[in-house]
Amino acid sequence: MVGIGSGGLDQITVEAVQALRESDFALAAVKRPSAGGEDPLFTRRVELLGRHAPGLELVGVQDPERDRSSSSTSTHGDYRGVVLDWHEARALAWEQVLAERPGDVAIPVWGDPAFYDSTLRILDRITERGRLTFEVQVLPGISALQVLAARHRLVLHEIGGTVTVTTGRRLREVVAAGADNVVVMLNSDLPLDGLDEWHIWWGGNLGDAGETLVAGRVGDVLADLRQARERLRAEHGWVMDVYLLRRGEDVSG
Ligand SMILES: C[S@@+](CC[C@H](N)C(=O)[O-])C[C@H]1O[C@@H](n2cnc3c(N)ncnc32)[C@H](O)[C@@H]1O
């Protein structure tokens, strides 16, 4: 597994490039974008390989549909169950391709494989099933949260402080538990109502042509953020955003 950075074609380590060049082929999921057309993140991987490992074939595995109905995902337990079913379906699809294509395979993983990425779990599932035997090596990548911090010239917490990394789905819980610095990933929307006094440093489509940065008091910038998300989706066909929220008045890094 090769962390490839979170959008910028040159946000990839020398070690990762070397691994790509030594691989027999590469493998990645192809998702059906909600807007139709091509999967922009698969296309970005093709571009990245073309630049750093010309000639390396990227084999696409059609990603099984995930149940996104609110009745199936309303609690954390339901959500986890849906995701585990989806992982099983993905593991089966990947196993089939891996069984047909021997050799060293590079799996280009968006950002860093340690943050909200299921590839490692899927590979573990495949090995647990026992049909295929392989060794997995993980090469780190630059995560979107690192790009966010760099672009805003931020340290993610105060001196000796704590930062919590969570999802949009669990933000409320983390805030209620008293967190002061929260990095939020996997946002289907911006669940920020009632957090007007918090400070936000937001990044949309980081590393891409549409990269957009916004910072300020939540109450002052929330409308701009919603607009920025809509604009990115309309103009670039995809939007991914990540942000740091800091409680109260202290906006020093
Ligand atoms: C499935 S997670 C994968 C995260 C990835 N493993 C990483 O380390 O960045 C996808 C989430 O990461 C964040 N993300 C990834 N790439 C991004 C980008 N280029 N700009 C802003 N956020 C991004 C968003 O929160 C998005 O919903």
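The largest nonpolar core of this predicted model comprises 27 residues, and within it Leu148 and Tyr243 have the most contacts. Five elements each supply at least two residues of this core: helix H6 (144–151), strand S7 (181–185), strand S8 (199–204), helix H8 (218–236) and strand S10 (241–246). Of these, H6 gives the most, with 5 residues. When residues up to four places away in sequence are left out, Leu148 touches Trp201, Gly203, Leu206, Val242 and Leu244. Apart from this core lies another, of 16 residues, which includes Ile12, Leu49, Ala53 and Leu139. In soluble globular proteins, nonpolar side chains tend to be buried together.

The division into domains comes next. Domain 1 spans 2–129 and domain 2 spans 144–246. Taken over C-alpha atoms, the centres of domain 1 and domain 2 are separated by 24 Å. Where the domains meet, 12 residues of domain 1 are in contact with 12 residues of domain 2. The side of domain 1 that touches domain 2 holds 5 nonpolar and 7 polar residues, but no charged residues.

The ligand remains to be placed in this picture. Its surroundings consist of 22 residues, the closest being Gly7, Gly111, Ser143, Ala144 and Met185. Domain 1 and domain 2 each provide at least three residues of the shell around the ligand. Strands S8 and S10 each supply at least two residues of this shell, and each also supplies at least two residues of the largest nonpolar core. By class, the shell around the ligand contains 9 nonpolar, 9 polar and 4 charged residues.

Definitions and conventions: Residues numbered from 1 in each chain as written. Predicted model: local features only at pLDDT ≥ 70, side-chain atom pairs only at ≥ 80, totals over all residues. Domains from an automatic or database assignment. Contact = placed C-beta atoms within 7 Å. Nonpolar A, V, L, I, M, F, W, Y, C, P; charged D, E, K, R; others polar. Core = buried A, V, L, I, M, F, W, Y, C linked by C-beta atoms within 7 Å. Buried ≥ 20, exposed ≤ 12 C-beta atoms within 10 Å, placed from the backbone. Helix = DSSP H or I, 4+ residues; strand = E, 2+ residues; numbered from the N terminus. Near = placed C-beta within 6 Å.
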